[in-house]
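Reader: I would like a close look at a single part of this model, with the surroundings described as far as they bear on that part. Please keep the account plain.

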Amino acid sequence: MNRSELVAALAGRAEVTRKDADAVLAAFADVVGDIVSKGDEKVTIPGFLTFERTHRAARTARNPQTGDPIDIPAGYSVKVSAGSKLKDAAKGK
């Protein structure tokens, strides 16, 4: 499912226009991005998803073409965890 299909499904389920559903989806993405970028807290939708910023330590990797070692600096990543309701839906329950 791509974004336009998701917007259409949200609009149909919530009985709103596609424009309104797209605006809500965009606002949701902005809010989650802002909170995760700060790293102070995580965003939790109980039973569905949890978004949180994680720290990745510096490490040494290898260039797959040459085999030479590459130093990768420390940085941040995003961890997304599925909630119980989403896990049950994936199992077909």
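In β2, which residue is the bridge partner of V43? Please start there and work outwards through the sheet and the helix that packs on it.

Author: The model is a predicted one. In β2, the residue that bridges to V43 is F51. The helix α2 packs on the sheet and touches β1, β2 and β5, its direction making about 35 degrees with that of β2.

V43 and F51 also belong to the largest nonpolar core, which has 5 residues in all: V32, V36, V43, L49 and F51. Two elements, α2 (18-38) and β2 (49-56), each supply at least two residues of this core. From the helix, V32 is in contact with V43 and F51, once its neighbours within four places in sequence are left aside. The bridge partners V43 and F51 are thus both touched by V32.

Next, the strands. β1 (43-45) and β2 pair in the antiparallel sense over 3 bridges. Besides the pair of V43 and F51, T44 has T50 in β2 as its bridge partner. The hairpin of β1 and β2 has 3 residues between the strands, and in this hairpin G47 takes a positive phi near 80 degrees.

T50 lies in strand β2. T50 counts as buried because its relative accessible area is 17%, and the cut-off for buried is under 20%. Leaving aside neighbours within four places in sequence, T50 is in contact with K42, V43 and T44, and also with K79, V80 and S81.

On to β5 (75-82). β2 and β5 pair in the antiparallel sense over 8 bridges. One of the facing pairs is R56 with G75, the latter in β5. Taken together, the strands form an open sheet of 3 strands in the order β1-β2-β5, with antiparallel pairing. β1 and β5 are the edge strands, each pairing on one side only. From one strand to the next the twist averages 25 degrees.

Now the helix. α2 has 21 residues and reaches 30 Å from its first C-alpha to its last, close to the 30 Å expected at 1.5 Å a residue. Its buried residues are A21, L25, V32 and V36. Seen down the axis of α2, these buried residues fall within an arc of 35 degrees, so they line one face of the helix. V32 and V36 are the pair from this list that also appears in the core. The cover over the buried residues of α2 includes α1 (3-14), β1, β2 and β5. On the face turned away from the buried side, α2 carries the exposed residues K19, D30 and K38.

Finally, the backbone on either side of the helix. Just after α2, G39 takes a positive phi of about 80 degrees. In the loop between α1 and α2 lies E15. E15 has a positive phi of about 55 degrees although it is not a glycine. Most residues other than glycine have a negative phi. E15 is exposed, because its relative accessibility is 73% and the cut-off for exposed is over 50%.

To return to the starting point, V43 and F51 are bridge partners, both are members of the core, and V32 of α2 is in contact with both.

Definitions and conventions:
Residues numbered from 1 in each chain as written. Predicted model: local features only at pLDDT ≥ 70, side-chain atom pairs only at ≥ 80, totals over all residues. Heavy atoms only, no water. Core = buried A, V, L, I, M, F, W, Y, C linked by side-chain atoms within 4.5 Å. Buried < 20%, exposed > 50% of the residue type's maximum accessible area, 1.4 Å probe, protein only. Helix = DSSP H or I, 4+ residues; strand = E, 2+ residues; numbered from the N terminus. Contact = heavy atoms within 4.5 Å. Expected span 1.5 Å × (residues − 1). Arc of directions from axis to C-beta. Pairing = 2+ DSSP bridges. Axes fitted to C-alpha atoms, helices over the stretch in contact; angles between N-to-C directions.
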